[in-house]
Amino acid sequence: MNVGKIDLKNPLILASGILGSTGSSLNRIAKLGAGAVVTKSIGATPREGHPGPVLIKTDTGFLNAIGLPNPSYKYFIEELNDFNRYCPLIISVFGANRSELVKILKNLEEYADAFELNLSCPNVKGYGMDIGKDPIFVENITREIKKITNKPLWVKLTSNVEDITKIGVAAENGGADAVVAINTVKGLGIDTESGYPLLGNVYGGLSGRMIRPIGLISVYSLYKKLKIPIIGVGGIENYKDAIEYFMAGARAVEIGSGVYNNINIFNEIKSELDLYLNKKGIKLEELIGLAHRRETEECNNQKSEEREQRY
Ligand code: RRO
């Protein structure tokens, strides 16, 4: 399966933020069957991240406010040198502005099969979703970044907006090679004994199976408006969850929280997906966007009804 110019080993990709901070953890997931891996988001200068607690288990997944901790691109190169290239490597990057991103991309370009521009972290002011909500900013920064790298650029979108298709279209107009939808959904948890918010940062991002319908409607809506590939992410725990995303219009999917409970999730979903496709006698390509068929049929029926009424 390919996403634009990148040939994935299969359409199941490790999402950013999960086991993506070291070369050895990326190697481990690559060996365990991921079609490609995405690193933790990397910035221009070292960041410690938010004060703890930074990760809370909920009944259906996680609430996190890690706060973009990373060693900066300079020190992350050591980890990238340890990556064994068993599958394509997507480097997730974040920056507050063009000049930060220029430095990061220029230095990491030789290691990346593609970049994923994180415009959707829900819990850090001045970064991520704070800036990625504005379609004009998204279009301009995408265009600027395309000028400084020859590698494919995926833009990771937030669903914490009224209409995700506006930022998807902005990314496409800026020249993005693909969009990734969605990042975590802004949320809050409170400790009922003390009355304090559970996370050190107060609010954070919700992941896990509860957000799958939000991811699905995002992918479904984007598929109607965009020509570039869409990578679906949010709440995938088994092969049926992945199939839903393909049917909504995703060309590939990313898996994050699902890895915590099942480190073999990539190999398992891959073989179950193959069984499903064999049983149905179809190719993965034929699943992509299938859920849009009803609307197309309804639209065609309506047109023929209108024709009948005219004649
Ligand atoms: O580091 C984080 O707290 C974080 C990031 Br960069 C992101 O993109 N999404 C998220 O839920 N947390």
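**Entry 1, glycine 256.** I began with the contacts of glycine 256: leaving out residues up to four places away in sequence, glycine 256 touches Ala15 and Ile18. The model I am reading is predicted. I then looked up where glycine 256 sits, and found it in the loop between β14 (252-255) and α9 (258-261). Its relative accessible area is 10%. The cut-off for buried is under 20%, so glycine 256 is buried.

**Entry 2, the annotated set.** I checked the UniProt record for glycine 256. The unreviewed entry has a "binding site" annotation that includes Gly256 and its sequence neighbour in the list, Ser257. The annotation also covers Ser16, Lys40, Ser41, Asn118, Lys156, Ile182, Gly208, Gly234 and Gly235. Which of these belong to the lining of the largest pocket? I went through the set and found Ser16, Lys40, Ser41, Asn118, Lys156, Ile182, Gly208, Gly234, Gly235, Gly256 and Ser257 in that lining.

**Entry 3, lysine 156.** I picked lysine 156 from the set for a second look. Lysine 156 lies in strand β9, residues 153-157. Is lysine 156 buried or exposed? I read a relative accessibility of 5%, so lysine 156 counts as buried. Not counting residues up to four places away in sequence, I listed its contacts as Ser16, Glu116, Leu117, Asn118, Leu119, Ser120, Val180, Ile182, Asn183, Val233 and Glu254. Ser16, Asn118 and Ile182, which are in this contact list, also carry the "binding site" annotation from UniProt.

**Entry 4, strand β9.** I moved from the residue to the strand. β9 is mostly covered, with 5 of its 5 residues buried. I sorted them by face: Leu153, Val155 and Leu157 are buried on one side, and Trp154 and Lys156 are buried on the other.

I then traced the partners of β9. Strand β8 (residues 114-118) pairs with β9 in the parallel sense, over 4 bridges. Within that pairing, I noted leucine 153 in β9 as the bridge partner of phenylalanine 115. Strand β10 (residues 178-181) runs parallel to β9 and is joined to it by 4 bridges. What is the bridge partner of lysine 156 in β10? I found valine 180 there, and Val180 is also in the contact list of lysine 156. Following the chain, I recorded a right-handed β-α-β unit made of β9, helix α6 (residues 164-174) and β10.

**Entry 5, cysteine 121.** I returned to the UniProt record, where the unreviewed entry places an "active site" feature at Cys121. In the model, cysteine 121 is in the loop between β8 and α4 (129-132). Its relative accessibility is 11%, so I entered cysteine 121 as buried. Not counting residues up to four places away in sequence, cysteine 121 touches Leu68, Tyr127, Gly128, Met129 and Asn183. Asn183 also appears among the contacts of lysine 156.

**Entry 6, the open sheet.** I finished with a sheet of 4 strands. This open sheet has the order β5-β6-β12-β11, and its pairing is antiparallel. Which strands stand at the edges? I found β5 (55-57) and β11 (185-188) there, each with a single partner strand, so one side of each has no neighbour in the sheet. Ignoring direction, neighbouring strands of this sheet are turned against each other by 35° on average.

I followed the β11 edge inward. β11 pairs with strand β12 (residues 203-208) in the antiparallel sense, over 4 bridges. I noted leucine 188 standing opposite tyrosine 203 in β12. Gly208, in the residue range of β12, is one of the residues that UniProt annotates as "binding site".

Notes:
Residues numbered from 1 in each chain as written. Predicted model: local features only at pLDDT ≥ 70, side-chain atom pairs only at ≥ 80, totals over all residues. Heavy atoms only, no water. UniProt positions renumbered as here; feature names shortened; annotations may be inferred. 1 Å grid on protein atoms, 1.4 Å probe; cavity = no way out; pocket = protein on both sides within 12 Å on 5 of 7 lines; lining within 4 Å. Helix = DSSP H or I, 4+ residues; strand = E, 2+ residues; numbered from the N terminus. Buried < 20%, exposed > 50% of the residue type's maximum accessible area, 1.4 Å probe, protein only. Contact = heavy atoms within 4.5 Å. Pairing = 2+ DSSP bridges. Axes fitted to C-alpha atoms, helices over the stretch in contact; angles between N-to-C directions. Right-handed = clockwise from strand over helix to strand, strands pointing away.
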